[in-house]
Amino acid sequence: MNTRDKNLVGVYVWELPVRIFHWINALCIVVLCVTGFLIGDPLAIMSGNEAYFSYWFGVVRMIHFITAFAFLFNFAFRIYWGFAGNKYAGWKNFIPYRKAQWKELFEVLQVDIMMIKKKPVESIGHNAMASFIYFALFWAFALQCLTGFGLYAQMSKSFLPHLFVWVVPLFGGDLMVRYIHHILMWFFILFALVHVYLVFYHDYIERRGVTSSIIGGWKFIEEDVLAEDDAKEKKGEAI
Amino acid sequence: MNKEKLSVYEECLKKGVSRRDFLKFCTAMTAMMGLESTGVAQVVEALEKKSRLPVIWLHFQECTCCSESFVRTSHPILATLLFDQISLDYDETLMAASGEQAEKSMHDTMEKYKGEYILMVEGAIPTGNEAYCCIGGRSAKQIAEEAAANAKAVIAWGNCAVSGCVQAAHPNPTGAKPAKKIIKNKPIINVQGCPPIAEVMAGVVVHLLTFGTIPQLDSLGRPKAFYSRRVHDTCYRRANFDAGLFVQSFDDENAKKGYCLYKIGCRGPSTYNACGIIKWNEGVSYPIQSGHPCLGCSEEGFWDNSPFYKRKPALNAFGIEATADQIGLALGAATAVGIAAHAVATNIRKKDLIENEVE
């Protein structure tokens, strides 16, 4: 029988709201990208029918808009949870305002990306690099919501989209806003690729159960790492 | 100087326009401006009583298509209105006077009607080197600034004056700028389009005459009555859009059937104008009705959103013309290769960690 030589302790890292946010968000992004692609470049349908008999493109757009609302509220909830949630979900993780975060960021670059250093990075929640990328991602979320709802505002009479009417004039017109919205979609696609790969990578080399942690919420952390983290927290140094 | 006291209506009578035609014109204008039916009386009363509106019409970097559009309006009264009645005190293209006389005419108007005259600007203003557009020994910028100083309001005609149009398109060799970037502290009515629809131009002038105020403007300074709806939302082909019936190329069966032009680059969904309702040439047609996609000529920077016949704007990145999707796909492929390389490297470099187990 093969076993690991370290004692692991279960740590409840991702609370239920964080997990629900993650999966709603993932689903929304997939739906928004697929419908967004279709809206940008609709399928070629040669049809002899009168327009009266079908509405498929209208439905695609409706799914895009409804999902956009879900995405927006889900995102707003996550911002709230950055203040209400546990220390792994807190906003302090994401904004790189401390020296320790930048130090860890470069460590991750050396250890996990360039692989020129061997010492493992011992963070329990997100490592500093991941947090930094999520921080950028949150800005992309915000910009995508602004441009999307800005474009939508003209079509809507309701209150919420009308909060975004100022976006289009800011960029000079719909054309530019649509363009930004389209380019940002590629950022989400590239992010998803790298994100999924890195989850597999960390699970493969660290064996802390990072993949399943976003389903069950638990990670398995080495006893000594956890003890060190606790000690740091008592001194008020933890990230 | 008796002529100046004549009202618009009296002027029309003198030109041989009947009362009936005058009322028809007022009704059409009221409808065009989106006023309620009682507004007709207001328009009639105003045009019966109010006399000339002093106007200085400046031409800078432009092709005069705005003026051309205006003179081709379907209502003969409009021509009267503009050329005799609102009385262009200065217009390089249309005035009889030239040279020093013309310059004098402009200065006379600026003195005599200080704070009353309307400044109409057609064309963009070069700022890179002001010498690119000089009239009477002075640059466009100087003239615009001087004329605007004592104007009651400014009307920017067309895409050139509103957002620079083709002169301001990349790489903008003359540093062309729209009126709003040069003229500050004056209300500016941006009448967008390349050119604007004649009836829209007339509607704005009649509004000024009738109410003496600038019309309600949207967030980009365009009159709401004409620019609050997208060409897409007033398009008679819209049902085909929602049904997903698209023209694939100009010569296919779908084009013949009059399907939506979205896939061949129609800018209707991002263009605010009244083409679908007022149309052109006495309501005969408009580009989409003639089977041509909207170019978005009433939007800022529409020249830079080429190619016109594709949905996707091209990026001039790294000297190669490509769409955002092509670049996105290339980055996606590069990421995939990077991931594969990283995965292989992981198995080599992190061997100790991976095999860190005991029997």
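Student: What makes the set of 96 residues a nonpolar core, and which residues have the most contacts inside it?

Tutor: In this predicted model, the largest nonpolar core has 96 residues, and those with the most contacts inside it are Leu119(B), Met120(B), Val121(B), Ala144(B), Val154(B) and Ala156(B). A set earns this name because its members are buried residues of listed nonpolar types, joined through C-beta atoms within 7 Å. Helix α10 (residues 198-211) of chain B provides the largest share of this core, nine residues. Apart from it lies another core, of six residues, including Ala128(A), Met129(A), Ala130(A) and Phe132(A).

Student: Which residues is Val121(B) in contact with, leaving aside its neighbours within four places in sequence?

Tutor: Val121(B) is in contact with Leu58(B), Ala144(B), Val154(B), Ala156(B), Trp157(B), Ala161(B) and Ala179(B).

Student: Why are α2(B) and α3(B) called oblique to each other?

Tutor: Helix α2 (residues 19-32) of chain B and helix α3 (residues 39-49) of chain B pack at an angle of about 125°, with their axes 9 Å apart. Angles of 65 to 115 degrees count as roughly perpendicular and those over 145 as roughly antiparallel. The angle of about 125° falls in neither class, and α2(B) and α3(B) are therefore oblique to each other. Their crossing is right-handed.

Student: Which residues meet in the packing of α2(B) against α3(B)?

Tutor: From α2(B), Leu23(B), Cys26(B), Thr27(B), Met29(B) and Thr30(B) meet Gly39(B), Val40(B), Val43(B), Val44(B) and Leu47(B) of α3(B). This contact has seven nonpolar, three polar and no charged residues.

Student: Why does Glu222(A) count as buried, exposed or partly exposed?

Tutor: Glu222(A) has 18 C-beta neighbours inside 10 Å and therefore counts as partly exposed. A buried residue needs 20 or more, and an exposed one has 12 or fewer. Glu222(A) is found in strand β2 (residues 218-222) of chain A, and Glu222(A) touches Lys6(A) and Leu8(A), not counting residues up to four places away in sequence.

Student: How do Asn185(B) and Lys279(B) fare under that rule?

Tutor: Asn185(B) has 6 C-beta neighbours inside 10 Å, so Asn185(B) counts as exposed. Lys279(B) has 17 and therefore counts as partly exposed.

Student: What is notable about phi in Asn185(B) and Lys279(B)?

Tutor: Most residues other than glycine have a negative phi. Phi of Asn185(B), however, is near 60°, a positive value; Asn185(B) is placed in the loop between α9 (179-182) and β9 of chain B. Lys279(B) likewise has a positive phi, of about 60°, although it is not a glycine. Lys279(B) lies in the loop between α14 (275-278) and β10 (314-317) of chain B.

Student: How do you know that the peptide bond from His170(B) to Pro171(B) is cis?

Tutor: The bond from His170(B) to Pro171(B) is cis, with omega near 5°, and Pro171(B) is in the loop between α8 (158-163) and β8 (176-177) of chain B. The bond from Cys194(B) to Pro195(B) is also cis, with omega near -5°. Pro195(B) lies in the loop between β9 (188-191) and α10 of chain B. Most peptide bonds are trans.

Student: How many residues of chain A are in contact with chain B, and which element supplies the largest share?

Tutor: 39 residues of chain A are in contact with 42 residues of chain B. The largest share of chain A's side, 15 residues, comes from α7(A). By class, that side has 24 nonpolar, 10 polar and five charged residues.

Definitions and conventions
Residues numbered from 1 in each chain as written. Chains lettered and ligands numbered in written order. Predicted model: local features only at pLDDT ≥ 70, side-chain atom pairs only at ≥ 80, totals over all residues. Contact = placed C-beta atoms within 7 Å. Helix = DSSP H or I, 4+ residues; strand = E, 2+ residues; numbered from the N terminus. Nonpolar A, V, L, I, M, F, W, Y, C, P; charged D, E, K, R; others polar. Axes fitted to C-alpha atoms, helices over the stretch in contact; angles between N-to-C directions. Parallel < 35°, antiparallel > 145°, perpendicular 65-115°, else oblique. Left-handed = near helix turned anticlockwise from the far one by under 90°.
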